[in-house]
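Work through the exercises below with the model open. Each task is followed by a stepwise solution.

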Amino acid sequence: MSNRTYNKMWIETHEALHYLLKQEITAHVAKPQTDRVMIFQMLTTFYIKYVQIFRNMEALYDQIVHPQKRRVIHHVLDGIMGRILELKNEMVNLEFSEFHYCDDVLQDLKLTPEDLEIPVPRYFVKDKLKVLKIRENILVRILSQSWAQVEQERNIKLLTLEEAIQIIQISERARQGRLRAKFMLEIRMEEEKERLAKHRVASTLAPVMAATCIQKIWRGYAQRKITKKERAEEMIFLEMAPPPNFLKPSSAELQAQKVALQRNVVQEVHEVVYQEALVTIKEQVRTVEGPDIQETLQEQIRQWFIECRNTTGKFPDYPDVEKGGSAAIFASKTPQEVLQELAAQEDRKKTKKEKKGKNEKKKKKKKGKANMEEEEHGWKMAQSNFLSTMAEGQNTYEVLGFMQKKGKKGKKKKGKDLTVNRTIDSLYEELIREGLLIQPRNVRLSDFIGEYNYLGTTLRQTDIEPMPSLLDVRQLIALYGILPLGSQAVHEKAPLVKSLLLAGPSGVGKKMLVHALCTETGANLFNLSPKNTAGKYPGKIGLQMMIHLVFKVARLLQPSVVWIDNAEKIFYKKVPKMEKELEPKRLKKSFPKILKSIKAEDRVLIVGTTQRPFDAELKSFCRGFQKIVLIPRPDYTSRFVLWRSIIQQNGGILTSSLDLSSLAKATDGYTQGHFSQAAKYVLTEQRIKQLHTKPLTAVEFITPLTKQDPVYKEEEESFKDWYAKTPLGKKRVKAAKEQENEEGREKRKKGNKGKNGKEVKKKGKKKTITIF
């Protein structure tokens with residue numbers, strides 16, 4: 001794509017965003033609404049439209065080469081990401097569910113479920129690639145040194161004479177056994193040759209009969225081959241099967257990828273030129289126009305003093321820096337107004353503290369009144385922290401065409417620093433050597449494969465709460481994890497998520513999502529799992545030091561992810577005897593303090609993973625993790641795409657002999673981890689070599705799966721029951737009961753009207769809930 005194409009795309013996206021901002025303003029001013037269905041449709045419409053604009057803006061930022069334009073887009077992107085998170089929070093509070101189904105809105109907008117996919121901005125990692133490379137090199141170097149020391153310790157181990165003799169005996173006996181087996185095999189082969197030679201009978205077929213037999217076999221083989229080819233061509237023509245090179249990128253796609261890489265190189269060159277120009281132009285202005293500007297300013301200051309003396313009868317004091325300095329002099333005010341303002345500033349400081357207490361009380365009263373009004377009149381759109389950001393970017397686009405990126409001042413951390421005399425490098429190295437800072441696997445969020453739940457809306461209409469799909473889970477990880485960790489502006493202003501819990505059976509990809517979080521945002525990965533912290537930094541003081549080290553480095557080198565595997569062990573109801581020595585509940589008392597210490601400016605996320613959440617104390621567990629994401633076993637559509645992807649990743653070839661649909665149906669209850677193990681078991685190096693002559697079949701994958709335990713329906717139901725007891729689950733259940741009671745009252749009213757002989761009007765299928 002050329003610059004002209006991207007500029008046209010930018011104009012169209014700007015117009016769409018401008019129209020959407022107008023609709024937002026109208027929605028904020030509109031009267032409160034009481035129809036829950038209409039409210040949800042409005043929110044989802046805004047959400048989907050913002051996602052479409054987000055996708056376009058992200059592509060523009062990645063490919064536009066103009067530095068000033070990229071800064072405008074970056075600023076608008078922060079606003080769009082933040083607004084998406086705000087709308088998501090509104091939808092969760094409205095439906096009391098993390099998962100939403102909006103098929104009707106998608107149909108109205110002529111979109112598919114894939115259009116709901118939240119893109120991961122590529123600049124999260126690209127803009128800090130050099131820093132990440134340096135960190136990775138340090139991490140690899142320290143880990144390799146530690147591994148070398150462990151290997152050296154292992155190699156130094158001495159053997160006793162008896163142990164050495166035993167090893168030699170085992171090796172010698174094994175060698176003799178292999179030789180004996182080889183000799184016996186040769187003897188058996190010789191005997192088989194002799195037996196065949198004795199029973200060999202000469203052929204009695206005539207040459208003509210032999211030729212006819214060969215022709216018959218060959219013609220049958222050739223005809224079957226032609227029929228198979230014609231059938232495949234017919235299926236492709238009917239669009240019931242993909243063409244042979246369907247998955248391979250075309251020449252146009254390869255050329256587009258090449259151009260995209262070239263544009264990224266041009267971006268770097270233009271950025272360097274832009275930064276150099278900022279310095280050179282500033283120096284030129286200072287050298288060429290500096291003396292004239294200085295003389296003009298001095299003349300204006302003198303004139304200001306003279307005018308003040310003529311007005312007040314004496315020369316005023318030069319304003320202090322705290323009072324504005326020379327900026328107060330150059331304000332568009334008369335000398336008398338300036339003096340009055342400087343004098344009034346001192347009075348304001350005195351009365352500020354007194355008014356502060358009164359204002360807080362008034363605010364509380366106003367909030368109480370606002371809540372009462374909302375309860376009385378219905379739901380109204382909450383105020384946004386990001387509409388002004390997007391509007392600012394839009395105005396910059398319209399007026400100036402560029403915008404400078406403002407720097408952010410870091411806030412000083414309060415509290416006692418236990419490592420005040422140590423450098424960040426030494427702390428970083430210590431955490432690596434202790435195994436508390438680990439290297440994340442290089443996996444992308446897109447590697448977590450799944451499909452949309454196409455029956456979600458239908459099930460909810462029949463009062464059945466569906467299990468979330470894997471695609472829904474991936475969306476939540478992008479919203480609650482990747483977007484806030486990747487952008488400082490979004491993390492500071494969006495609804496703050498400090499901790500996230502991933503709950504689900506073994507093998508559904510919980511750990512993979514943790515590593516994907518780090519890969520997509522360039523975050524450090526700290527491991528505070530009970531098993532990993534056992535025996536490290538013992539005692540109360542040691543625990544305090546460990547927490548201090550981890551979160552100090554996490555803040556200084558943000559973004560950071562603090563991972564707690566088997567998180568339920570920290571909140572055990574009762575610690576098993578086998579685990580008492582490991583002290584799994586060490587972090588329980590410190591957990592609330594840790595959450596409280598994480599501020600909006602700290603891009604630090606605590607992520608817990610658990611496959612047995614029912615073993616933990618529910619209240620403290622739910623208090624420790626703000627957001628709980630339930631990851632189910634894959635449904636049929638997800639299993640289908642998972643098998644297809646996993647087989648290809650392990651070197652398999654998909655043919656008509658491999659019935660993926662039947663394989664997906666037969667493997668209900670098995671997880672992604674089971675599929676991966678079965679594929680590795682079947683697709684060995686030898687089997688891959690045979691694929692062209694012996695295609696894969698579905699039966700081959702069944703045998704290794706039978707050796708593994710699936711996720712039974714009872715286990716899945718136990719997860720659903722546990723989730724229903726969480727705060728959000730309870731709200732969902734309560735709302736469903738209220739809805740049923742209201743529907744019952746409406747039916748009784750209709751029945752009474754019918755008995756009285758009055759006409760009863762039928763309502764549509766959509767359910768409405770009045771909010772009071």
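**Cysteines**

The structure holds zero disulfides, a disulfide being a pair of cysteine sulfur atoms within 2.5 Å. This is a predicted model: local features need pLDDT of at least 70, side-chain atom pairs count only at pLDDT 80 or more, and totals for chains, interfaces and linings use all residues. Residues are numbered from 1 along each chain as its sequence is written, and side-chain values use heavy atoms, without hydrogens and water.

**Exercise 1.** Classify Cys 102 and Cys 213 by accessibility.

*Solution.* Take the classes: buried is under 20% relative accessible area, exposed over 50%, partly exposed in between (1.4 Å probe, protein chains only). Cys 102 has 5%, so it is buried. Cys 213 has 41%, so it is partly exposed.

**Exercise 2.** Place Lys 380 and find what it touches.

*Solution.* Start with the chain. Lys 380 sits in the loop between helix H12 (335-377) and helix H13 (387-399); helices are DSSP runs of H or I, at least four residues, numbered from the N terminus. Next, accessibility: 38% makes Lys 380 partly exposed. Then list contacts (heavy atoms within 4.5 Å). Leaving out residues up to four places away in sequence, Lys 380 touches His 28, Ala 30 and Pro 32. Finally, compare separations: Lys 380 and Pro 32 are 348 residues apart in sequence, yet 4.8 Å apart in space, C-alpha to C-alpha.

**Exercise 3.** How do the axes of helix H3 and helix H9 cross?

*Solution.* Axes are lines fitted to C-alpha atoms over the stretch in contact, with angles from 0 to 180 degrees between N-to-C directions. H3 (residues 67-95) and H9 (residues 251-288) come within 9 Å and cross at roughly 100°. H3 and H9 are therefore roughly perpendicular, the class for 65 to 115 degrees.

How values were computed:
Helices (H or I, at least four residues) and strands (E, at least two) are DSSP runs, numbered from the N terminus. Angles under 35 degrees count as roughly parallel, over 145 as roughly antiparallel, 65 to 115 as roughly perpendicular and the rest as oblique.
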